[in-house]
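Here's a quick tour of a single model, written for someone who likes to poke at coordinates. Open it in your viewer and follow along.

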Amino acid sequence: MLNVCYSPKYFAHTHTNSMEKLKAIADQLSLGDFVKFHEPDDLDCNLLYEIHSEKYVNAVLTGEPTKLATIAGFKPWCEQLKNAVLSINAGQIRAAELAFEHGISANIAQGFHHATYDFGGSFCTFNGLALIAKAFPSKRVFVLDCDQHMGDGTVELAS
Ligand SMILES: [Zn+2]
């Protein structure tokens, strides 16, 4: 049984259909009998301030200033988008806890590795990889990033 984090909150209506793929993956996985789904709790937003600048985190949380709040690429900013991003990052924390408990887990997520200290980019709002390192400081974190290009945000935050 694979423990997988997912929530319908992971979706937000934006100018792209990018977030729709998360539900599609969850729907396909739910057809089998090898996945146990876990809905994450709310994210402790204080962790975000340990990774990103206060100015940037505040922008994403409030929607102001609009240019900074949407700099990662998803538009327009709205409460649903904010909640989706926070929920996806909360899923990172929950998935890590499940991995510590069971050896392996997954979070049906997107958008982490281009988020730097000052701002997100390329549809990566917060760096959910650095988030794990901050949330579990006693653990050693290894990032295996299989994207076709480099996760510049992760590289910056790891330096
Ligand atoms: Zn990328």
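## The sheet

Start at Asn3, which sits across from Lys36 in strand 2. This is a predicted model, by the way. The pairing around Asn3 belongs to strand 1 (residues 2-5) and strand 2 (residues 35-38), which are parallel and joined by four bridges. To get from strand 1 to strand 2, the chain passes through helix 1 (residues 20-30), and the resulting β-α-β crossover is right-handed.

Strand 1 also pairs with strand 3, again in the parallel sense, this time over two bridges. Two residue pairs show you where to look: Val4 faces Ala106 in strand 3, and Cys5 is opposite Asn107 in strand 3. Put together, the three strands make an open, parallel sheet with the order 2-1-3. Strand 2 and strand 3 are the edge strands, each pairing on one side only. As a general point, side chains in a regular strand alternate between the two faces of the sheet.

## Helix 5 and what follows

Helix 5 runs to 24 residues, and its first and last C-alpha atoms are 34 Å apart. How does that compare with what's expected at 1.5 Å a residue? It's close: the expected figure is 34 Å as well. Just after helix 5 comes Gly103, with a positive phi of about 95°.

Keep helix 5 in view, as it turns up again in the linings below. It covers residues 79-102 and is one of the elements supplying at least two residues to the lining of the largest pocket.

## The largest pocket

The largest pocket has a volume of about 810 Å³. Its lining takes in 32 residues, and the ones nearest its centre are Gln92, Phe112, Leu129, Ile132 and Val143. Which element gives the most to this lining? That's helix 5, with five residues. Strand 3 (106-107) and helix 6 (128-135) each add at least two residues to the lining of the largest pocket too, so to speak from the sheet side of the tour and from a helix we haven't met yet. By class, the lining of the largest pocket splits into 17 nonpolar, ten polar and five charged residues.

## The second largest pocket

Next in line is the second largest pocket, at about 270 Å³. The residues lining it are Glu50, Ile51, Asn127, Leu129, Ala130, Ala133, Lys134, Val141, Val143, Thr154, Leu157 and Ala158. Helix 6 and helix 7 (152-158) are the elements that give two or more residues to the lining of this pocket, and helix 6 gives the most, with four.

Sorted by class, the second largest pocket is lined by eight nonpolar, two polar and two charged residues. If Leu129 and Val143 look familiar, that's because they appear here and also among the residues nearest the centre of the largest pocket.

## Closed spaces

How many cavities of 30 Å³ or more does the structure hold? There are two. The largest cavity has about 70 Å³ of space in it, with a lining made up of Met19, Phe74, Val85, Ile88, Asn89, Gln110, Gly111, Phe112, Phe123, Thr125 and Phe126. Seven of the lining residues of the largest cavity are nonpolar and four are polar, with no charged residues.

The second largest cavity comes in at about 50 Å³. Around the second largest cavity you'll find Val60, Ala69, Thr70, Ile71, Ala72, Gly73, Phe74, Trp77, Leu81, Lys82, Val85 and Thr125. Helix 5 gives the most here as well, with three residues of the lining of the second largest cavity. The class split for the second largest cavity is eight nonpolar, three polar and one charged.

## A last stop at Asn58

Asn58 belongs to helix 3 (residues 54-62). Is Asn58 buried or exposed? Neither, quite: Asn58 counts as partly exposed because its relative accessibility is 29%, and that class lies between under 20% for buried and over 50% for exposed. For a sense of distance, Asn58 and Lys139 are 81 residues apart in sequence, with 28 Å between their C-alpha atoms.

Terms used:
Residues numbered from 1 in each chain as written. Predicted model: local features only at pLDDT ≥ 70, side-chain atom pairs only at ≥ 80, totals over all residues. Heavy atoms only, no water. Pairing = 2+ DSSP bridges. Right-handed = clockwise from strand over helix to strand, strands pointing away. 1 Å grid on protein atoms, 1.4 Å probe; cavity = no way out; pocket = protein on both sides within 12 Å on 5 of 7 lines; lining within 4 Å. Points joined across faces, edges and corners; volume = space filled by probe spheres on them. Nonpolar A, V, L, I, M, F, W, Y, C, P; charged D, E, K, R; others polar. Expected span 1.5 Å × (residues − 1). Buried < 20%, exposed > 50% of the residue type's maximum accessible area, 1.4 Å probe, protein only.
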